[in-house]
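Student: I've got a model open and I'd like to learn how to read it. Could you walk me through a few features?

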Amino acid sequence: MKYKVIKSILASVCMLAVVPGVSAQDVSAQDVPIAFMRATYTFTYLGTAPYNGKEYSRAEDYMLQIAPGESRFCGITNYEYEKLMATDEGKALISDLFRRATVYDSSGKVKEIKMDLVKDDMPKRGNARVVYKQHGAGELRVTDRLPFEDVVYTVPMADLVWEITDSVKTILGYECQRAESLYHGRNWEAWFAPDIPVQEGPWQLCGLPGLIMEARTEGDEYIFVINGVEKVEEPILPMPKKRDYIKTDRIKFLREKNESLEDPAKVLGGNVRNANGKPIGKVKLLHDLIETDYK
């Protein structure tokens, strides 16, 4: 039954895409791509806490919106945060939270901001990474955040080459096949569903003859696991809050990202202290970035 439903979705979208003079964008007054499928994933990764150098494991939910020939992959928490911050209500919420947590001295200057009073109510920002796949152009467009700037860069899809194996397993009721790739310094294992014939997947992963349902690096430092896929008809809108993105390249971004994790005090240009008031120096990272070929 799932196979028939997904095939029906794809057939109707493909018919729309090939009719002369008609495109998916034409069905939207906003002239944006229309997603016909949405998949949600849980992204789990290991990192190093900058304040004490200890290992941590985090998980965050992402959504993959799929339109004919393109897609967007972004964190759900960050997307909701950006939508909130784009409204007057959201800005008022943040202003009110900080007003209640701010302590002033007798001269009216800010003496202290009690973050413990607002942390439970503060909207979570989430991971800023967004990946736009443009199959016609043969490249990915990635937007991300460094300490003092938002950046954008492109990645050729030709960088990712898969080898499909004979191994199979079932995920969400779909029979999936295993593939592997050495991509940007890491060995990846992916499981894709031929019964969902879209060449899409989480993060920068794509190009297999079926939706990627699960992917993980060797050693399980970075893992994507699908938790839902559904038919939709929704626009892939730009990220809500307009930003001035600085153009960069992938390797430069990764080097700057790694530096900000290894030496946060240097990058932030000041005396950064932990919760105990001790200065934070260089951090010995226990886990590298998701791409390691920047060194």
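Tutor: Let's go through some helices, a core and a few single residues.

Student: What kind of model is this?

Tutor: This is a predicted model. Keep that in mind as we go.

Student: Let's start with helix 4. What span should its 13 residues have, and what do the end C-alpha atoms show?

Tutor: Helix 4 covers residues 250-262, and at 1.5 Å a residue it should span 18 Å. The end C-alpha atoms are 18 Å apart, which agrees.

Student: Which residues of helix 4 are buried?

Tutor: The general idea comes first: an α-helix has 3.6 residues a turn, so residues three or four places apart point the same way. In helix 4, the buried ones are Arg 250, Phe 253, Leu 254, Asn 258 and Ser 260. Looking down the axis of helix 4, these buried residues fall within an arc of 160°, so they line one face of the helix.

Student: What happens at the start of helix 4?

Tutor: There, a side-chain oxygen of Asp 249 comes to within 3.2 Å of the backbone nitrogen of Ile 251.

Student: An arginine on the buried list caught my eye. Why does Arg 250 count as buried?

Tutor: Buried means under 20% relative accessible area, and Arg 250 counts as buried because its relative accessibility is 11%. Its side chain has a polar contact of 2.8 Å with that of Asp 293. Beyond residues up to four places away in sequence, Arg 250 touches Tyr 153, Val 155, His 184, Glu 291 and Asp 293.

Student: His 184 is in that list. What is its phi?

Tutor: His 184 has a positive phi of about 50°, although it is not a glycine. His 184 sits in the loop between strand 10 (174-183) and strand 11 (186-193), and it is buried at 8% relative accessible area. Trp 203 also deserves a look: it has a positive phi of about 55° and is not a glycine. You'll find Trp 203 in the loop between strand 11 and strand 12 (211-217), buried at 1% relative accessibility.

Student: Which residues touch the most other members of the largest nonpolar core?

Tutor: In soluble globular proteins, nonpolar side chains tend to be buried together. Here the largest nonpolar core has 48 residues, and Trp 188, Trp 203, Leu 205, Leu 211 and Met 213 touch the most other members. Strand 1 (residues 34-48) gives the most to this core, with six residues.

Student: Back to helices. Which residues of helix 3 are buried, and which are exposed?

Tutor: Gly 90, Ile 94, Leu 97 and Ala 101 are the buried ones in helix 3. They cover an arc of only 60° around the axis, which puts them on the same side of helix 3. On the other side of helix 3, Asp 88, Glu 89 and Lys 91 are exposed.

Student: And what do the buried residues of helix 2 pack against?

Tutor: In helix 2 (residues 76-85), Asn 78, Tyr 79, Tyr 81, Glu 82 and Met 85 are buried. Their arc around the axis is only 160°, which puts them on the same side of helix 2. The buried residues of helix 2 pack against strand 2 (55-67), strand 3 (70-75), helix 3 and strand 7 (139-146).

Student: One last residue: where does His 287 lie?

Tutor: His 287 is in the segment after helix 5 (264-268), and at 15% relative accessibility it counts as buried. Its side chain makes a polar contact of 2.5 Å with the side chain of Glu 55, and a polar contact of 2.5 Å also joins the side chains of His 287 and Glu 221.

Methods:
Residues are numbered from 1 along each chain as its sequence is written. This is a predicted model: local features need pLDDT of at least 70, side-chain atom pairs count only at pLDDT 80 or more; totals for chains, interfaces and linings use all residues. Side-chain values use heavy atoms; hydrogens and water are left out. Helices (H or I, at least four residues) and strands (E, at least two) are DSSP runs, numbered from the N terminus. The expected span of a helix is 1.5 Å times one less than its number of residues. Buried means under 20% relative accessible area, exposed over 50%, partly exposed in between (1.4 Å probe, protein chains only). The arc is that of the directions from the helix axis to the C-beta atoms. A polar contact is a pair of N or O atoms within 3.5 Å; within protein, one must be able to donate a hydrogen and the other to accept it, and residues adjacent in sequence count only if both atoms are side-chain atoms. Contact means heavy atoms within 4.5 Å. A nonpolar core is a set of buried Ala, Val, Leu, Ile, Met, Phe, Trp, Tyr and Cys residues joined through side-chain atoms within 4.5 Å.
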